[in-house]
Amino acid sequence: MVFSSLPFLFVFLPVFFLLYGVAPRRWKNALLFAGSLAFYAYGAVETPLYILLLLLTILVNWRVGLRLAPGRPRRKLWLVLGVAYDFFWLLLFKYAGFFFDNGAALWNLATGDAVSRSWSLILPIGISFYTFQIVSYLVDVYRETVPPERSLVTLGAYLCMFPQLIAGPIVQYNQVSRELRRRTTSLARMDEGLRIFVLGLGSKVLLANLIGGLWNDVQAVGYDSISTPLAWMAAAAYSFQLYFDFYGYSLMAVGLGRIMGFDLPENFRQPYQSVSMTEFWRRWHITLGAWFREYVYIPLGGNRRGGLRTLRNLLVVWLLTGFWHGASWNFVLWGLFLFLIMVIERAGLRRFLESHRLVGHAYMLLLIPLSWMLFAITDFPQLGLFFSRLVGLNGGFFGPFRGDFVGYLKDYGLLLGLGLLFCTPLPGKLWQKIQKTPLSAVILLAIFWGAVYCLYRGLNDPFLYFRF
């Protein structure tokens, strides 16, 4: 079940919030836990063992967390065992096939023996997100920055909270621990949460899905049959699709959390307004960046041990960031590319870009779609072919497909313009002026029913970050 689906909007959501609204305060965590498991089970109906895996993860980490309480013996050993347990499942389901296939390829190359390279496991929904979340809980308990959670149900509600279970934001326990104990629900918070949710729904269904149609069309045509202008249009379309898809999900998660009394952390802060890649990654997927900073970069020494070690720490963080997104060499290349760009920016380019913001915006206008193409295209020959189109090789400018972009511009030009507009601060500033007026209610109703119509017509795609 996904947020942008009719069963969620008209069955799960009304039933859950009706029960949640009438439940006594002491039962709300139990209801949130049970409702979140039902939400997860709907999506994992064909792989019911993954529901048991999630329950086992909660149980094991609850027990390990209690062992990490201050004064308990062998706390470091229990931390290592708990973190190893959590990462074992992530490595098994997400990365074992990658290592097996590459190992088999190397063996074939070295020996000439034919080794089968078929390894495929269905990735449990949300495992990358909830693994990072529960590991942060164990580390924080070990550091004594949060107390161990003694209620299994409360820990389950924290980890399984359905608004952020399958695609974030990655919520650290200390960000919601107080609200898990005592939270406030009110009509004002419900109104605010519903407004945020509808804006997120519109971002996903009316922007991401529709703009993404151009990227889907170009993939169907084939990269060898497109012109250079169309290649750049497709790269821009994917960049907008990815942003509004993930931003829309995050907004919906924050809105649902607000209704239930939780203030989930912000995950995006107008990243496409950045003037450097360093600034971009402080605005994009903020909770993932915070996780790597808190649990990888700083423990490695951060920037406190000299320039070479700082570069090493950055390299580790960005390679892991790339690999977290997927078990494929293109993600490793993507992470390495980001590392190299940020090293160049640290050497002085960033200061220049920040003092010449127009140049910085032009720089990012070029760099953002290029970086996302490394992210989007997993097949290296196809990636090379697409980049050859971007630079006009093999007839990209003047070949037989040179006029193909005109038709696509007629179909998608307005959507691309809207995508660019909604990446700027202007819509947000206008919304701030009218959000307390009746006009805002009219706009929200139009967004909601427009999204429902698109969903009814089948104009929907899965959230892109579900595959991570």
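A residue counts as buried when its relative accessible area is under 20%. Leu230, at 2% relative accessibility, is therefore buried. The model described here is a predicted one, and Leu230 is a handy place to start looking around it. This leucine sits in helix 9. Leaving aside neighbours within four places in sequence, Leu230 is in contact with Leu214, Val218, Asp404, Phe405 and Tyr408. Its C-alpha atom is a long walk from that of Phe87: the two are separated by 42 Å, with their positions 143 residues apart along the chain.

Next comes the core. The largest nonpolar core has 142 residues, and the members that touch the most others are Phe8, Phe162, Trp281, Trp372 and Phe386. Helix 9, which runs over residues 228–260, gives the most to this core, with 20 residues. Phe162 shows what such a well-connected member looks like up close. Not counting residues up to four places away in sequence, it touches Phe3, Phe8, Phe12, Phe16, Leu32, Ser36, Phe39, Tyr249, Leu256 and Met260. Phe8, on that contact list, is also one of the core members with the most touching partners.

Leu256 turns up again in another pairing, this time with a residue far off. The C-alpha atoms of Ile344 and Leu256 are separated by 40 Å, and the two residues are 88 apart along the chain. Ile344 belongs to helix 13, residues 329–355. Its relative accessible area is 48%, so Ile344 is partly exposed.

Helix 16 (residues 405–421) is a bit of an odd one. A straight helix of 17 residues would span 24 Å at 1.5 Å a residue, but helix 16 spans only 21 Å between its end C-alpha atoms. There is also a kink of about 60 degrees in this helix, centred on Tyr412. Tyr412 is one of the buried residues of helix 16, along with Tyr408, Leu415, Leu416 and Gly419. These buried residues pack against helix 8 (187–221) and helix 9. Tyr408 has already come up, as a contact of Leu230.

Helix 8 has a buried arginine worth a look. Arg189 lies in this helix, and its relative accessible area is 17%, so it counts as buried. Beyond residues up to four places away in sequence, Arg189 touches Thr184, Arg258, Ile259, Gly261, Phe262 and Asp263.

Helix 5 (residues 127–143) has two helix partners to compare. With helix 3 (residues 49–67), the packing angle is about 10 degrees and the axes are 10 Å apart. That angle makes helix 3 roughly parallel to helix 5. On the helix 3 side, the contact is made by Leu53, Leu54, Thr57, Asn61, Val64 and Gly65, while helix 5 brings Tyr130, Ile134, Tyr137, Leu138 and Val141. With helix 4 (residues 75–111), helix 5 packs at an angle of about 175 degrees, with the axes 10 Å apart. Helix 4 and helix 5 are therefore roughly antiparallel to each other. Among the residues that meet here are Leu79, Gly82, Asp86, Phe87 and Trp89 in helix 4, and Ile127, Thr131, Ile134, Leu138 and Tyr142 in helix 5.

Asn61 helps to tie this part of the picture together. It is found in helix 3 and has a relative accessible area of 0%, so it is buried. Not counting residues up to four places away in sequence, Asn61 touches Gly82, Asp86, Ile134, Tyr137, Leu138 and Leu155. Gly82 and Asp86 from this list are among the helix 4 residues that meet helix 5, and Ile134, Tyr137 and Leu138 are among the helix 5 residues that make the contact with helix 3.

Finally, there are two backbone oddities to mention. Most residues other than glycine have a negative phi. Gln270 goes the other way, with a positive phi near 45 degrees. This glutamine is found in the loop between helix 9 and helix 10 (277–283), and at a relative accessible area of 32% it is partly exposed. His285 also has a positive phi near 45 degrees. It is found in the loop between helix 10 and helix 11 (286–300), and with 0% relative accessibility His285 counts as buried.

Methods: Residues are numbered from 1 along each chain as its sequence is written. This is a predicted model: local features need pLDDT of at least 70, side-chain atom pairs count only at pLDDT 80 or more; totals for chains, interfaces and linings use all residues. Side-chain values use heavy atoms; hydrogens and water are left out. A nonpolar core is a set of buried Ala, Val, Leu, Ile, Met, Phe, Trp, Tyr and Cys residues joined through side-chain atoms within 4.5 Å. Buried means under 20% relative accessible area, exposed over 50%, partly exposed in between (1.4 Å probe, protein chains only). Contact means heavy atoms within 4.5 Å. The expected span of a helix is 1.5 Å times one less than its number of residues. The bend at a residue is the angle between axes fitted to the seven residues ending there and the seven starting there. Axes are lines fitted to C-alpha atoms, for helices over the stretch in contact, and angles run from 0 to 180 degrees between N-to-C directions. Angles under 35 degrees count as roughly parallel, over 145 as roughly antiparallel, 65 to 115 as roughly perpendicular and the rest as oblique.
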